[in-house]
Amino acid sequence: MNPSLGLGEIKEVLTVMAEVEMTLARFYKTCGEIWPEDRAFWAHLVEQETQHARNILRMGKIIAKKTRLFEVHRPFNPAAMKTVLSGICDNIERAKKGELSRQRVLAIANDLEKSLLEAKYSEIFKTTDVEYQNLVDEIVKDTKTHQQVIARRLADAKAS
C-alpha cells in the first residue's frame with residue numbers, strides 16, 4: 001500500500017463513498033414516495049444503491065486484510081464528496097416540500113449518476129485483487145445503467 005495514505009484515510013474515503021450511495025438511495029426512496037406511479041422504478045434504484053454501499057464496505061474489509069495488494073492510484077477528495085452529500089440532502093428536503101417537479105428530480109438523478117461515474121471510484125485504488133475488482137465493476141456497471149435508464153425517463157418526461 002502506498003505509505004502516504006494510511007488505513008484511517010482509506011476508511012474515511014470508503015465511508016464517504018458508502019454514505020453517498022446511501023444518501024442517493026434515500027433521495028430515490030423519497031422520489032418513489034412522492035411519485036407512486038414510478039415507485040417500482042425508484043425502488044429498484046434504492047435497492048441497487050444500498051447494495052453499492054454494502055459493496056463499498058466489503059471493499060474496505062478487503063483492503064484492510066490485503067493491504068499489500070493495494071496502492072493509491074488517484075487522489076480522492078472527501079471534502080468534495082461531502083459537498084455532493086449536502087446537495088443530495090438539500091434535494092431530498094426540496095422534493096419533500098414539493099419544490100421539485102418529476103422532470104426536475106429525474107434531471108437531478110441523471111446529473112448525480114453522471115457525477116458518480118466522473119468521480120471514477122474504480123480508479124482510486126489500484127489492485128490485482130479479483131474480489132475487490134468484481135465489487136468495483138458491479139458498481140460501475142450499475143451506475144452506467146442507472147444513468148442511461150434515468151436519461152431515457154428524463155427524455156420521455158420532456159417529450160410529454
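This is a short talk on how the helices pack in this structure and on its aromatic pairs.

Okay, so before anything else: what we have here is a predicted model. Let me start with helix packing. Two packed helices are described by the angle between their axes and the distance between the axes, and I'll go through three pairs that way.

First up, H1 and H3. H1 covers residues 7-34 and H3 covers residues 78-96, and their axes come within 10 Å and cross at roughly 15 degrees. That makes the two helices roughly parallel, since anything under 35 degrees counts as that. The crossing is left-handed. If you want to click through the contact, on the H1 side you'll find Glu12, Val16, Glu19 and Val20, among others, and further along Phe27, Thr30 and Ile34. Across from them, H3 brings residues including Pro78, Met81, Leu85, Ile88, Cys89 and Ile92. By class, that contact of H1 with H3 divides into twelve nonpolar, three polar and five charged residues.

Now keep Phe27 in mind, since that residue of the H1 contact with H3 also belongs to the aromatic story. How many aromatic pairs does the structure hold? Four. I'll show you two of them. The rings of Phe27 and Tyr28 have centres 5.9 Å apart and planes at 45 degrees, so we call that pair tilted. Both Phe27 and Tyr28 are buried. Then Tyr28 pairs with Trp42: centres 5.4 Å apart, planes at 35 degrees, so that pair is tilted too. What does the Tyr28 and Trp42 pair tie together? Tyr28 lies in H1 and Trp42 in H2, which is residues 39-65, so the pair links parts that are 14 residues apart in sequence. As for accessibility, Tyr28 has 0% relative accessibility and counts as buried, and Trp42 is buried with a relative accessible area of 1%. Put Phe41 in the picture as well, and ring pairs link Phe27, Tyr28, Phe41 and Trp42 into a cluster.

That takes us along to H2, because Phe41 and Trp42 turn up again where H2 meets H4: together with Glu49, they contact Val105, Leu106, Ala109 and Glu113 in H4. The class count for H2 with H4 is five nonpolar, no polar and two charged residues. The helices pack at about 25 degrees with their axes 14 Å apart, and H2 and H4 are therefore roughly parallel to each other. Their crossing is left-handed.

H4 has another partner, H5. H4 is residues 102-119, H5 is residues 130-159, and they pack at about 155 degrees with axes 9 Å apart. Parallel or antiparallel? That angle makes H4 roughly antiparallel to H5. H4 passes H5 in a left-handed crossing. In H4, the contact residues include Arg102, Gln103, Leu106, Ala109, Asn110 and Glu113, and among those they meet in H5 are Val140, Thr143, His146, Gln147, Ile150 and Leu154. By class, this contact of H4 with H5 has ten nonpolar, five polar and six charged residues. And do notice Leu106, Ala109 and Glu113: they are in the contact with H5 and also in the contact with H2.

One last stop, away from the helix pairs. Phe70 sits in strand S1, residues 70-72. At 2% relative accessibility, Phe70 counts as buried. The C-alpha atoms of Phe70 and Tyr132 are separated by 10.0 Å, with their positions 62 residues apart along the chain.

Definitions and conventions:
Residues are numbered from 1 along each chain as its sequence is written. This is a predicted model: local features need pLDDT of at least 70, side-chain atom pairs count only at pLDDT 80 or more; totals for chains, interfaces and linings use all residues. Side-chain values use heavy atoms; hydrogens and water are left out. Axes are lines fitted to C-alpha atoms, for helices over the stretch in contact, and angles run from 0 to 180 degrees between N-to-C directions. Helices (H or I, at least four residues) and strands (E, at least two) are DSSP runs, numbered from the N terminus. Angles under 35 degrees count as roughly parallel, over 145 as roughly antiparallel, 65 to 115 as roughly perpendicular and the rest as oblique. A crossing is left-handed if the near helix is turned anticlockwise from the far one by less than a right angle, and right-handed if clockwise. Contact means heavy atoms within 4.5 Å. Ala, Val, Leu, Ile, Met, Phe, Trp, Tyr, Cys and Pro count as nonpolar, Asp, Glu, Lys and Arg as charged, and the others, Gly among them, as polar. Rings of Phe, Tyr and Trp (its six-membered ring) pair if their centres lie within 6.5 Å; planes under 30 degrees apart count as stacked, over 60 as edge-to-face and the rest as tilted. Buried means under 20% relative accessible area, exposed over 50%, partly exposed in between (1.4 Å probe, protein chains only).
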